[in-house]
Amino acid sequence: MTIRRRLLSAAALLPLSLLLGANESPSGSAPAVGSEDAGVVASSPDAGGVAVALSGGEDAGPGAHAGGGGPLEAQAIPGQDGDSEAVAAAAVQGGADGGLATLVTVPGLVPPSPVPSRLTAPPITTLRTMAKSQDLLARAKLQGERLVVKEKNGEEKVLTVDPVLQAQLTKILRDYEVPYGAAVVLEPSTGRVLALAEHSAAQPELRGLPFRAVFPAASIFKIVTGSALLEAGVSPESEECFHGGKRRLTERHLEDSERDGACYSLAMAMGKSANVIFAKLTQKHLTAEVLRHMAARFRFNRAIDFVVPTDVSLAAVPEEGFALANTGAGFGDVYLSPLHGALVASVAANDGMWVNPVLVEPPPQPGVLLPPEEGERVLTSEAAKALTDMLETTVTHGTARGVFRERHFRVDNAVGKTGTLADRNPFRDYSWFVGFAPRDNPRVAVAALVVNDPKWRIRGTWLGREAIRLGLERAPAIVEVTAPASTAGKH
């Protein structure tokens, strides 16, 4: 076992009191509503310009059907005095029998802290501004065409962020007065972060949104589920038939029925973000263990190695039944930071490899140009290609088609995934887009998040399109990098 694994394993052994705290939530909280492509919130003359719920597509607005699963139950297991903390950690994931050793030794299988309930304790209420000492972008000064941070000891850190792209995306967020919004752009092959734009009209002093995992992952989690289904042998062309499930999911929607009047392939279900298809396929082909492992490989419940402290994106995967299917469809207690969202998209862009993000340029080494370090493999090359095919459907035939074909703003050869979820009281519309472009030889990967009030002006898919479009204008051309023969073996 490596030292890193020992540390991560130790983090999984939580005090029983913390684990039991996962069930605590404020009393009197109203339930939330969630939707992907089920419902649309659009401006209506009948509502005086205020958004009202209608049926329609995801790229138009938030939805209006009930979300899934409540908090997981963590219980002490009697007669396990010596291992009570480890057993409690396993209990959070649905039981202590069988596989306890795996749960506490494989990074990411056990959330490192209690996962809040999306329905009763949405974590966006815990947002606080980041410390100035950690806010490298706020401390950076423009020197020529680069942003540079001068430390007290005289050290200068040159940031990878492109000042022009950063300013362009920040201006969009400010001009449209988004209550909460963030856009991340990076080079998928190197992890170099090109933009970390953010703005909050609701809390103007707020900083650090790209690094906060307080936003429901919604249907972005379908990337994880889809990857698990591919590994389970489900082909992108495999069809599943369904009826209903547009506005809300119930257990009856997961049953094969004579009423099933429409069928989607897995690829089309990804593109149209069909919740019922993903729920049915999760129930038929996946176990909690399989979905947990795939989530961990995509770095859920694991720390991301980055110079700026970044929240762990927490994911609670229920043990079985309707709750598991609901989570596979994107309605579980799963949270994501915008930075992590761009990295999730980068896995497909990088032929299945995870590459850590980079914000500070390494010191130059005269005469030495080394290729970037190879990351950790998340998916096989074949699975990554199949996942890319499915994500392309989002833009060509699915929930992002209209936005990416908008006149004068069209972006070709892009792939991605949309996500939408809404809380009811107070109302919050979370909308996401993560993706990359071009499909072949990707130059930029992005994540865009907008959290709106009932009246809104832009949403995550539109912001994501702009992040890709502007990012491609600023991103450097791809250059094949090889190490000089004299540096061979000197990593």
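**Helix packing and buried sites in a predicted model**

Q: In which helix is Gly464 found?
A: The model is a predicted one. Residues 460-474 form a helix, and Gly464 belongs to that run. The element that holds Gly464 is helix 15.

Q: Does Gly464 count as buried or exposed?
A: Buried residues have under 20% relative accessible area. Gly464 has a relative accessibility of 0%, so the class of Gly464 is buried.

Q: Which residues is Gly464 in contact with, leaving aside its neighbours within four places in sequence?
A: Gly464 can be placed against other parts of the chain by distance as well: its C-alpha atom is 9.6 Å from that of Val403, and the two residues are 61 apart along the chain. Contact requires heavy atoms within 4.5 Å. With the sequence neighbours within four places set aside, the contacts of Gly464 are Phe433, Val446 and Ala448.

Q: What is the separation of the C-alpha atoms of Thr170 and His199?
A: Thr170 lies in helix 6, which covers residues 163-175. A relative accessible area of 12% is under the 20% cut-off, so Thr170 is buried. Beyond its neighbours within four places in sequence, Thr170 is in contact with Ala197 and Glu198. His199 is 29 residues from Thr170 along the chain, and their C-alpha atoms are separated by 6.9 Å.

Q: At what angle do the axes of helix 7 and helix 13 cross?
A: Helix 7 consists of residues 222-231 and helix 13 of residues 381-396. Their axes come within 10 Å of each other. The crossing angle is roughly 130°.

Q: Why is helix 7 called oblique to helix 13?
A: The angle of roughly 130° falls outside the range of 65 to 115 degrees for roughly perpendicular and is not over 145, the limit for roughly antiparallel. Helix 7 therefore stands to helix 13 as oblique.

Q: How many charged residues does the contact of helix 7 with helix 13 have?
A: Helix 7 contributes Ile223, Gly226, Ser227 and Leu230, which meet Ala383, Ala386, Leu387, Met390 and Leu391 of helix 13. By class, this contact has seven nonpolar and two polar residues, and the number of charged ones is none.

Q: What is the distance between the axes of helix 7 and helix 9?
A: Helix 7 also packs with helix 9, at an angle of about 40°. That makes the pair oblique. The distance between their axes is 11 Å.

Q: What handedness does the crossing of helix 7 with helix 9 have?
A: Helix 7 passes helix 13 in a right-handed crossing. Where helix 7 passes helix 9, the crossing is left-handed.

Q: How many polar residues does the contact of helix 7 with helix 9 have?
A: On the side of helix 7 the contact is made by Lys222, Thr225, Gly226 and Leu229. On the side of helix 9 the residues are Asn275, Phe278, Leu281, Thr282 and His285. By class, three are nonpolar and one is charged, and the number of polar residues is five.

Q: How many of the 11 residues of helix 9 are buried?
A: Helix 9 covers residues 275-285 and is largely enclosed by the rest of the structure. Its buried residues are Asn275, Val276, Ile277, Phe278, Ala279, Lys280, Leu281 and Thr282. The number buried is therefore eight.

Q: What percentage of the residues of the chain count as buried?
A: The chain has 15 helices and 18 strands. About 21300 Å² is exposed, with carbon and sulfur atoms supplying 52% of that area. Of the 491 residues, the share that counts as buried is 53%.

Terms used
Residues are numbered from 1 along each chain as its sequence is written. This is a predicted model: local features need pLDDT of at least 70, side-chain atom pairs count only at pLDDT 80 or more; totals for chains, interfaces and linings use all residues. Side-chain values use heavy atoms; hydrogens and water are left out. Axes are lines fitted to C-alpha atoms, for helices over the stretch in contact, and angles run from 0 to 180 degrees between N-to-C directions. Helices (H or I, at least four residues) and strands (E, at least two) are DSSP runs, numbered from the N terminus. Angles under 35 degrees count as roughly parallel, over 145 as roughly antiparallel, 65 to 115 as roughly perpendicular and the rest as oblique. A crossing is left-handed if the near helix is turned anticlockwise from the far one by less than a right angle, and right-handed if clockwise. Ala, Val, Leu, Ile, Met, Phe, Trp, Tyr, Cys and Pro count as nonpolar, Asp, Glu, Lys and Arg as charged, and the others, Gly among them, as polar. Buried means under 20% relative accessible area, exposed over 50%, partly exposed in between (1.4 Å probe, protein chains only). Accessible areas come from the Shrake-Rupley method with a 1.4 Å probe; for residues, only the protein chains shown count as cover.
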